[in-house]
Amino acid sequence: MSLRRDHGGGLDAAIAKYGGTRPDWLDLSTGINPVPYPTGEIDLNDWTALPDQAAQTALIDAARSFWNVPEDAAIVAAPGASALIARMPDLTGQTSAYIPQPTYNEHAAAFHARNPQMDQSDKTHPVRIFVHPNNPDGAVLDADDFTQGGKSSFTIIDESFCDICPELSHIDHAARPKTIILKSFGKFWGLAGVRLGFAIGATDTLLPKLPDLLGPWAVAGPALTIGARALNDHNWANQTRQRLREDAETLDGLMAQKGVQCLGGTDLFRLYDVDDATAWQDRLAQNKVWSRIFPYSRTWLRLGLPHPNRWDQLKAAL
């Protein structure tokens, strides 16, 4: 039996229950930047031809520069971070992993698919997985938390939300033996539909198996172009971090006015402690605002950030 996957999104189900159409709804159930990177024009050849090596090299070079990847670490691009997460059991050759909870549940689901009896709280497992910053509470990881493992242990660090705080990245450890750092393109750049993610790690950890697991032409031509363009645009990234920081503070202020305590989060999503999360989600949904609640907590409510021109809808719902 596979592990139940619990995610944000699911707006179709909300519409079916509460009515309205997609344009009516403010979806705050995910941690995706509501102001996406402007993709610009895409050459017709990117759509009609198989991706060429030059485009793949341009993407990898842009990723290496943007994340300051060590020269002796390899970078493998994939059709989304989720595609990489699903392949971690095969890459590591293991079926059990220690995954501190609560966290993003796709990591556990990938290993439970191979080993339904896996106890993810067992620290002796040969794979250790950390989400940094963590989803949903925003907790960050110290290097001591993952550098103390034995040489036979794999360490996977999911930095899907770390682009809002690059100074906290553990990319300096990317070339460490059996260490894999995952990066998501969809969150910070607000382009989840592009389906682009990266695995970064020691050459002898990634290259012998991961490209074969992904198959040829894993990343679509338009994604290669958009990804390289965005990763080379450092000015946009810096301006976006500032805007997200300010908007997260604004959201905290609105919730504080309602007597709600912020438990943590990142500048892409905030986690709040409310009296009844289900009731809060229902009340917001009545006003066409979709939020995220969790099956393991009756008081946790997570909100993403609204688009700059839709703050009034959130204020009215609150």
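Here is a short chat about strand β4 and residue Gln120 in a predicted model.

Trainee: How many residues of strand β4 are buried?

Mentor: β4 covers residues 127-131 and is mostly covered. On one side sit Val127, Ile129 and Val131, on the other Arg128 and Phe130, and both faces are covered. The count of buried residues is 5 of 5.

Trainee: Which residue of β4 stands opposite Ala97?

Mentor: Start with the pairing: strand β3, residues 97-98, runs parallel to β4, and 2 bridges link them. Across from Ala97 you'll find Val127.

Trainee: What is the handedness of the crossover from β3 to β4?

Mentor: Follow the chain out of β3, and it goes through helix α6, residues 106-112, before it gets to β4. That makes a β-α-β crossover, and its hand is left-handed.

Trainee: And which residue in β5 is the bridge partner of Val131?

Mentor: β5 spans residues 154-158 and is parallel to β4, with 5 bridges joining the pair. For Val131, the partner in β5 is Asp158.

Trainee: Why does Gln120 count as buried?

Mentor: Gln120 is in the loop between α6 and β4. The cut-off for buried is under 20% relative accessible area. Gln120 makes that cut because its relative accessibility is 15%.

Trainee: Which side chain does the side chain of Gln120 make a polar contact with?

Mentor: Setting aside neighbours within four places in sequence, Gln120 is in contact with several residues, including Ala97, Tyr98, Ala108 and His112. The polar contact, side chain to side chain at 3.2 Å, is with His112.

Notes: Residues are numbered from 1 along each chain as its sequence is written. This is a predicted model: local features need pLDDT of at least 70, side-chain atom pairs count only at pLDDT 80 or more; totals for chains, interfaces and linings use all residues. Side-chain values use heavy atoms; hydrogens and water are left out. Buried means under 20% relative accessible area, exposed over 50%, partly exposed in between (1.4 Å probe, protein chains only). Helices (H or I, at least four residues) and strands (E, at least two) are DSSP runs, numbered from the N terminus. Two strands pair if DSSP finds at least two bridges between them. A crossover is right-handed if, with the strands pointing away from the viewer, the path from the first strand over the helix to the second runs clockwise. A polar contact is a pair of N or O atoms within 3.5 Å; within protein, one must be able to donate a hydrogen and the other to accept it, and residues adjacent in sequence count only if both atoms are side-chain atoms. Contact means heavy atoms within 4.5 Å.
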